[in-house]
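User: Could you take a close look at the aromatic rings in this structure and walk me through how they pair up?

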Amino acid sequence: MKKTTNDKKIIKNVSKIILFSILFLIVFSLSFFTYVYYTAPEFNSNLLYKKESSNIYDSKGDLITTIGSEKRQIVSYEELPQVLIDSIIATEDSRFFMHNGLDIPRFLKASVSYVVGNNIGGASTLTMQISKNTYTSFDADGFTGIVRKFTDIYMSIFKIEKDYTKKEIIEFYVNNHFLGGMIYGVEEASQAYFGKSASELNLSEAAIIAGMFRSPNYYRPNVNPKNATARRSTVLYLMKKHGYITKEEQDLANSIPMESLTAEAKAEEIPYQGYIDTVVSEVKDKYGVNPYTTSLKIYTNLDRGKQEAVEKVQNGVTYTWKDDQI
């Protein structure tokens, strides 16, 4: 009888502990998510299109040069080759088209690994990476890192994926990402590393650029060809694994020497540097904007030595300043 009473007391105490633990977990979770909600940065859609470079044209509309603090040329989803889209999805977020900003199985796997001390990383979706690159930070350690990660989840689900299509999210990702040196976006990367537009990339070149998203400078093909070659192999393996390419296509793309792909890229030369400096100074004085920090389209007349029109580019829309004296 006494043993039965003691057993009941033990069960009662264990039940209380479990109940208390559940209540504590609920209260803590609610408090934590409330904290994440109120400390999340303000969602500014303009930031999704980061600074695009300024283009300076001659009187015929031909491009003279591109300037800017960040080298970037925005491309649309339709301008991207399918091999580049496939290589990015296979490498960075294989279930991108199936989730709403958070890949739950992948996140849980990474979380368990983190708890047991084997941090494999890789829990961030493309959308979460956009949040990290645009709105939050790169903090990864301690409580700050945990808050940042859940803030990215919140921004991804309730701000980005809620209001934008998957195609638009891919556009944000490929245009905003740092890709080595002062290069931002896949178009500038394609021009810098392969001497061609992103729309012209072949499978091997697309795999190289897709591989750079993890560590841009470490995998720069013209600076670290051995690293880029190894990373390309990983990307092509993942593309084969997820059914985007065949074994024959994988082997062929891997067989192309890195040096032969980057040989066509030429060192950047800025023509008419003195004239460009004059135009930049004139735009600053006349319109109060800096072409190096504000995305502009500047139409000039080399013979007359002045700018004829200035247009501001924001969110893919071009705004023209009207000036009766031009």
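Analyst: Happy to; here is a walk through the aromatic pairs, followed by charges placed over rings. This is a predicted model, in which local features need pLDDT of at least 70, side-chain atom pairs count only at pLDDT 80 or more, and totals for chains, interfaces and linings use all residues. Residues are numbered from 1 along each chain as its sequence is written, and side-chain values use heavy atoms, with hydrogens and water left out.

Across the whole structure, a search finds 18 aromatic pairs (rings of Phe, Tyr and Trp, the last by its six-membered ring, with centres within 6.5 Å; planes under 30 degrees apart are stacked, over 60 edge-to-face, the rest tilted). One of them is the stacked pair of Phe-24 and Phe-28, with 6.3 Å centre to centre and 20° between the planes. Both residues lie in helix 1 (residues 2-39), four residues apart, or about one turn (helices are DSSP runs of H or I, at least four residues, numbered from the N terminus). Phe-24 is exposed at 53% relative accessible area, while Phe-28 is partly exposed at 45% (buried is under 20%, exposed over 50%, partly exposed in between, with a 1.4 Å probe and protein chains only).

Tyr-37 and Tyr-154 pair edge-to-face, 5.7 Å centre to centre with 80° between the planes. Tyr-37 lies in helix 1 and Tyr-154 in helix 5 (residues 142-163), so this pair ties together parts 117 residues apart in sequence. Tyr-37 is partly exposed at 46%, whereas Tyr-154 is buried at 16%.

Lastly, the charged end of Lys-166 sits over the ring of Phe-96, 4.3 Å from its centre (NZ of Lys or CZ of Arg within 6 Å of the ring centre and within 35 degrees of the ring normal).

Conventions:
Helix = DSSP H or I, 4+ residues; strand = E, 2+ residues; numbered from the N terminus.
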